[in-house]
Amino acid sequence: MIGNVPLRRRRGRPPGSAGPRPAALVGPLMVLPCVGLLLVFAYWPVVRGIVLSLYDTDLLGEPTRFVGVAHYVDLVADPELRRALLATGAIAGLSVLLSVGGALAAALPLRRAARKPRAVVSVLLSLPFAFSAAASAAVFAGLFAPAVGTLNQLLVHLGVAGPQWLQSPTWAILSISIATAWYEFGFAFLVLLAALSQLDQEVIEAAALDGASGPRLAWSVIIPMLRPSLVFLLVTQTINGLQVFTQVQVLTRGGPAGATSTVVYELYQRAFGEALPQVGSASTLAVVLLALVLAITAIQFRVLRRWA
């Protein structure tokens with residue numbers, strides 16, 4: 001008490017008491033919604049898919065009879081799986097090479113460009129990132145159409161007979177890879193442009209003083225400094241390439257003769273594209289794709305970690 005005014009005791013936890021303070025609970029409470037969304041929309045579908053792969057299912061996709069690993073045994077002997085794996089690997093590899101290589105070739109010249117031209121060109125080159133996969137694939141459907149396609153019409157004016165972009169198995173895989181690479185190009189370009197802006201300029205200037213310039217400077221100094229970003233892009237773009245579906249659905253629908261039927265497209269057909277849905281078989285394909293993505297990603301991390 002001071003004079004006639006009593007001192008008020010501060011409210012709160014007594015000193016030395018056990019248990020977390022209220023402020024320490026703010027972080028976990030803010031993370032809970034994100035964890036809940038991940039459990040519902042990411043991890044539970046994986047668990048559900050694994051369970052369904054062990055059962056036969058009815059028309060609604062509900063499990064009816066336990067069959068164990070029978071779907072996996074049938075899948076190993078299925079020639080369509082081998083064809084789908086080859087198509088998926090080819091499209092993923094080509095699209096990653098085109099998107100990351102193209103983004104690197106586009107970003108490097110902008111390193112020393114003036115500020116305003118660089119900003120304009122950067123916006124234009126990053127536009128593919130703003131398109132949906134369906135919209136970009138529809139544009140390429142107009143480009144690759146056999147008789148009235150814009151690309152073949154342009155080649156005719158140049159005196160060159162255009163190829164059968166979507167009717168030949170080889171050209172169809174290349175066409176889907178180009179469409180996928182264009183769709184992924186914007187993201188890769190933005191990542192590399194941001195990485196270029198964070199490079200140590202003193203190292204680059206020292207290399208330039210030692211006589212390195214042009215392609216030699218880019219190959220021996222700048223690209224090695226971009227290795228962490230390149231590894232990130234190689235891993236993420238490969239994962240995206242292994243899950244290509246929209247470009248196949250819009251451009252070829254798995255044709256010609258199943259040459260472009262990827263694992264995800266085959267999964268979709270078994271689950272939703274047939275009169276009698278084979279949800280158990282489709283779930284088996286989903287589990288195989290998950291294992292494939294995990295295995296390839298692990299190999300990439302192991303191999304590329306030393307390079308980065």
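This is a short walk through one structure, from its opening helix to a busy loop and a pocket.

Hello everyone, and thanks for having me. Before anything else, please keep in mind that this is a predicted model.

Let's start with helix α1, which covers residues 26-52. How far should its 27 residues span, at 1.5 Å a residue? The expected span is 39 Å, and the end C-alpha atoms of α1 are 38 Å apart, so the two agree. Still, α1 has a kink of about 40°, and Leu 39 is at the centre of that kink.

We will meet α1 again at the largest pocket, so let's go there next. The space in this pocket comes to about 290 Å³. Its lining is made of 16 residues, and those nearest the centre are Pro 45, Gly 49, Leu 52, Ser 283 and Ala 286. Which helices each supply at least two residues of that lining? They are α1, α12 and α13, the last of these being residues 279-307. The most generous is α13, which gives six residues to the lining.

Now to α12, which runs over residues 263-272. Seven of its ten residues are buried, so α12 is largely enclosed by the rest of the structure. If you want to find them on your screen, the buried ones are Val 263, Val 264, Tyr 265, Glu 266, Leu 267, Arg 270 and Ala 271. And what do these buried residues pack against? Their partners are α2 (70-76), α3 (79-107), α10 (227-242), α11 and α13.

Step back along the chain from α12 and you come to the loop that links α11 (246-251) to α12, where Thr 262 sits. Is Thr 262 buried or exposed? Its relative accessible area is 1%, and anything under 20% counts as buried, so Thr 262 is buried. A polar atom of its side chain lies 3.0 Å from the backbone oxygen of Val 244. Setting aside residues up to four places away in sequence, Thr 262 touches Ala 84, Thr 88, Ile 91, Val 244 and Val 248.

There is plenty more to see in that loop. Pro 256 belongs to it, and a cis peptide bond joins Gly 255 to Pro 256, with omega at about -5°. Right after that proline comes Ala 257, also part of the loop between α11 and α12. Ala 257 is not a glycine, yet its phi is positive, at about 55°. Arg 253 is in the loop between α11 and α12 as well, and this non-glycine residue has a positive phi of about 55° too.

How do these two fare for accessibility? Arg 253 has a relative accessible area of 57%, which makes it exposed. Ala 257 has 73%, so Ala 257 is exposed as well. Thr 262, in the loop between the two helices, is buried instead.

For my last stop, let's look at Ile 178, in helix α7, residues 169-197. With 28% relative accessibility, Ile 178 counts as partly exposed. Ile 178 is 38 residues from Phe 140 in sequence, while their C-alpha atoms are 8.9 Å apart in space. Phe 140 is also one of the residues in contact with Ile 178; the others are Leu 98 and Phe 144, leaving aside neighbours within four places in sequence.

That's my tour. If you would like one spot to look at first, try the cis bond between Gly 255 and Pro 256. Thank you!

Conventions. Residues numbered from 1 in each chain as written. Predicted model: local features only at pLDDT ≥ 70, side-chain atom pairs only at ≥ 80, totals over all residues. Heavy atoms only, no water. Helix = DSSP H or I, 4+ residues; strand = E, 2+ residues; numbered from the N terminus. Expected span 1.5 Å × (residues − 1). Bend = angle between axes of the 7 residues up to and from the residue. Buried < 20%, exposed > 50% of the residue type's maximum accessible area, 1.4 Å probe, protein only. Polar contact = N/O pair within 3.5 Å; in protein donor to acceptor, adjacent residues only side chain to side chain. Contact = heavy atoms within 4.5 Å. 1 Å grid on protein atoms, 1.4 Å probe; cavity = no way out; pocket = protein on both sides within 12 Å on 5 of 7 lines; lining within 4 Å. Points joined across faces, edges and corners; volume = space filled by probe spheres on them.
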